[in-house]
Amino acid sequence: MKRFSAFSKNGQIDEMESLAFIIGIVGLCTASVALWSVRRLHQEVLRLKREQYYLEQKVGALPGRIESAVEPLRIQTAQLARGQRVSDTLIRNGQLYYEISSDEAVQWLVQPSTSSNIFVLDVRTNAEYAKQRIPGAKLIPVEDLEMRYQNEIPIKFDKILVYCAGGDRSRLACDFLSRQNYPNIYLLKNGLQGWTGPMEGDSSGSLIQILSKSRVSSPSVG
């Protein structure tokens with residue numbers, strides 16, 4: 001009887017230990033699931049906050065974008081009210097000035113019938129202009145444009161072609177001149193980097209001179 005009683009007690013203890021172990025495992029799994037859920041919830045909250053921030057930024061920038069889109073039309077309307085000619089293409093596209101490729105500009109300048117009605121404006125620095133430029137271009141650095149444009153850029157020309165090295169400075173110049181009631185501004189895409197026409201300047205002459213000397217000094221091969 002004593003052995004049976006001891007066996008029963010040991011069996012109950014083992015069952016209780018097993019039950020406690022199972023309860024511990026279940027509790028650990030439950031805690032892990034809860035922790036995972038909290039982390040997922042935290043990530044979702046962060047995602048929603050980011051989306052809210054980006055949305056607020058877009059909404060905040062919307063008035064500025066609307067103003068930028070409407071401003072060309074307001075300027076062109078004022079030009080029409082003064083009796084100036086405004087291109088319907090610019091009005092439809094919401095632009096203040098035209099953009100043309102190098103090939104188009106070259107065609108204009110090589111034709112005598114149209115080249116006389118084109119004013120070429122270089123808005124780079126003096127050093128850049130001296131080194132290489134489009135033949136016949138007028139130099140007015142973009143930082144001097146506001147002080148000099150009235151006296152040095154005639155509005156009578158059919159086309160005013162503006163260029164710089166890569167297009168950034170000339171875009172600023174085109175925007176400025178268009179706001180000063182110039183309806184005939186043309187931006188040269190990619191600037192002088194993409195120019196396919198003739199050029200003049202010190203670098204071209206120096207290159208020719210160096211090539212000539214090298215040819216003279218090089219020994220002839222029989």
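This report walks through the fold, the salt bridges, one helix face, a surface patch and two unusual backbone angles in a predicted model.

## Overall layout

The protein has eight helices and five strands. Going along the sequence, they come in the order α-α-β-α-α-β-α-β-α-β-α-β-α. Of the 222 residues, 25% are buried.

Contacts across the sequence are well represented: among those with a separation of 6 or more, 67% are between residues 24 or more positions apart. As for the outside, the accessible surface is about 15,500 Å², and carbon and sulfur atoms contribute 58% of that.

## Around R133

R133 is a good place to start poking around. This residue sits in the loop between α5 (126-131) and β3 (138-139), and it counts as buried because its relative accessibility is 18%, below the 20% cut-off. Leaving out residues up to four places away in sequence, R133 touches D122, R124, Y163, L192, M199, E200 and G201. Its side chain also reaches the backbone oxygen of Y129, at 3.0 Å.

One of those neighbours is a charge partner: E200 and R133 form a salt bridge through their side chains, 3.3 Å from N to O. E200 is in the loop between β5 and α8, while R133 is in the loop between α5 and β3, so this pair ties together parts that are 67 residues apart in sequence. E200 itself is partly exposed, at 31% relative accessible area.

Two other neighbours of R133, D122 and R124, pair with each other. Their salt bridge has its closest N and O atoms 2.7 Å apart. Both ends are buried: D122 has 0% relative accessibility and R124 has 5%.

## The K138–E152 pair and its network

A search of the whole structure turns up nine salt bridges. One of them joins the side chains of K138 and E152, at 3.1 Å from N to O. This pair links distant parts of the chain, with K138 in strand β3 and E152 in helix α6 (residues 145-152), 14 residues apart. K138 is partly exposed at 31% relative accessible area, and so is E152 at 24%. Through shared partners, salt bridges join K138, D144, R148 and E152 into one network.

## One buried face, one nonpolar patch

Helix α3 (residues 102-110) has S102, A105, V106 and W108 buried. Viewed down the helix axis, the buried residues of α3 fall within an arc of 160 degrees, so they line one face. The general background is that an α-helix has 3.6 residues a turn, so residues three or four places apart point the same way.

On the surface, F21, I22, I25 and V26 make up a nonpolar patch with about 390 Å² of accessible area together. V26 belongs to helix α1 (residues 2-81) and is partly exposed, with a relative accessible area of 47%.

## Two positive phi angles

Most residues other than glycine have a negative phi, which is the backdrop for two asparagines here. N181 has a positive phi of about 75 degrees. N181 lies in the loop between α7 (168-179) and β5 (185-188) and is partly exposed at 24% relative accessibility.

N190 also has a positive phi, near 65 degrees. Its place is the loop between β5 and α8 (202-217), and N190 counts as exposed because its relative accessible area is 53%, over the 50% cut-off.

Methods:
Residues are numbered from 1 along each chain as its sequence is written. This is a predicted model: local features need pLDDT of at least 70, side-chain atom pairs count only at pLDDT 80 or more; totals for chains, interfaces and linings use all residues. Side-chain values use heavy atoms; hydrogens and water are left out. Helices (H or I, at least four residues) and strands (E, at least two) are DSSP runs, numbered from the N terminus. Buried means under 20% relative accessible area, exposed over 50%, partly exposed in between (1.4 Å probe, protein chains only). A polar contact is a pair of N or O atoms within 3.5 Å; within protein, one must be able to donate a hydrogen and the other to accept it, and residues adjacent in sequence count only if both atoms are side-chain atoms. Contact means heavy atoms within 4.5 Å. The arc is that of the directions from the helix axis to the C-beta atoms. Patches are made of residues with over 30% relative accessible area and no salt bridge: like charges are joined within 9 Å, nonpolar side chains (Val, Leu, Ile, Met, Phe, Trp, Tyr) within 5 Å. Accessible areas come from the Shrake-Rupley method with a 1.4 Å probe; for residues, only the protein chains shown count as cover. A salt bridge is a side-chain nitrogen of Lys or Arg within 4 Å of a carboxyl oxygen of Asp or Glu.
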